[in-house]
Amino acid sequence: MGHMSSGSQAAKSPMSVSTALLAAEAACRARGVQFTQVRKLVLRILCGAPQPLGAYDVLNRMERELDRRLSPPTVYRALDFLLAQRLISKLESRNAFVPCAHPDHTHACVFFICENCGASEEIEDRRLEQLFDRQANSLGFRINKRVLEIEGLCATCLGSAPLKSTDAL
Ligand SMILES: [Zn+2]
Ligand SMILES: [Zn+2]
């Protein structure tokens, strides 16, 4: 099956997809949970997509790839598994799913989501996590999920080049 080019700069390279799959496989093995073919396919589709995908987008792409019909619960169960293993995150504002950029450890997933093209970029910042932990401690609150969604316009849509991270420091 041909590889579809979306023409989007946000499209992930096949290299990063396979890297993400290998990391997920290693994480599942270390945790003693099964990384089934269906779960793997769902993750591969999410990793290869330039934007967060809704459950039905994932279902459609899986059916196209496997060339057969699937039941929605099959996809939902796989998504639930990947969420529970923190291999993906759910963007509540979009009702869509994105792969986690750092599946090897627990962390706060902070997403910058473009309101125009829908692209999302995940960042990781220990300072934010420490801030959340401190605030949670002072509230006596136990954090179960840390997903932050920040909306705006991406550099591509703004037509501007992003600052180098060294410039931003
Ligand atoms: Zn993450
Ligand atoms: Zn954009």
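Here are three short exercises on this predicted model, each with a worked solution.

**Exercise 1: the nonpolar core**

Work out which residues have the most contacts inside the largest nonpolar core, and which elements supply it.

*Solution.* Start with the core itself: the largest one has 30 residues. Inside it, V42, L43, L46, V58, L82 and I88 have the most contacts. Next, look at where the core comes from: α1 (14-31), α2 (37-48), α3 (55-66), α4 (72-84), β1 (88-91), β2 (96-99) and β3 each chip in at least two residues. Now zoom in on I88. Leaving out residues up to four places away in sequence, I88 touches L43, L46, L82, L83, F97, V98, P99 and C100. As background, nonpolar side chains in soluble globular proteins tend to be buried together.

**Exercise 2: two helices crossing**

Describe how α3 and α4 are arranged: at what angle do they cross, and is the crossing left-handed or right-handed?

*Solution.* First, check the axes, which come within 10 Å and cross at roughly 115°. Angles of 65 to 115 degrees count as roughly perpendicular, so that's what α3 is relative to α4. Then take the handedness: this crossing is right-handed. Finally, pick out who meets whom: α3 brings A55, V58, L59 and M62, and α4 answers with P72, V75, Y76 and L79.

**Exercise 3: a hairpin**

Find how β3 and β4 pair up, and which residue in the hairpin takes a positive phi.

*Solution.* Strands β3 (residues 109-114) and β4 (residues 120-123) run antiparallel, joined by four bridges. For one bridge, follow F112 across to its partner in β4, E121. Then move to the five residues between the strands: the hairpin's positive phi, near 85°, belongs to G118.

Methods: Residues numbered from 1 in each chain as written. Chains lettered and ligands numbered in written order. Predicted model: local features only at pLDDT ≥ 70, side-chain atom pairs only at ≥ 80, totals over all residues. Pairing = 2+ DSSP bridges. Core = buried A, V, L, I, M, F, W, Y, C linked by C-beta atoms within 7 Å. Buried ≥ 20, exposed ≤ 12 C-beta atoms within 10 Å, placed from the backbone. Contact = placed C-beta atoms within 7 Å. Axes fitted to C-alpha atoms, helices over the stretch in contact; angles between N-to-C directions. Parallel < 35°, antiparallel > 145°, perpendicular 65-115°, else oblique. Left-handed = near helix turned anticlockwise from the far one by under 90°.
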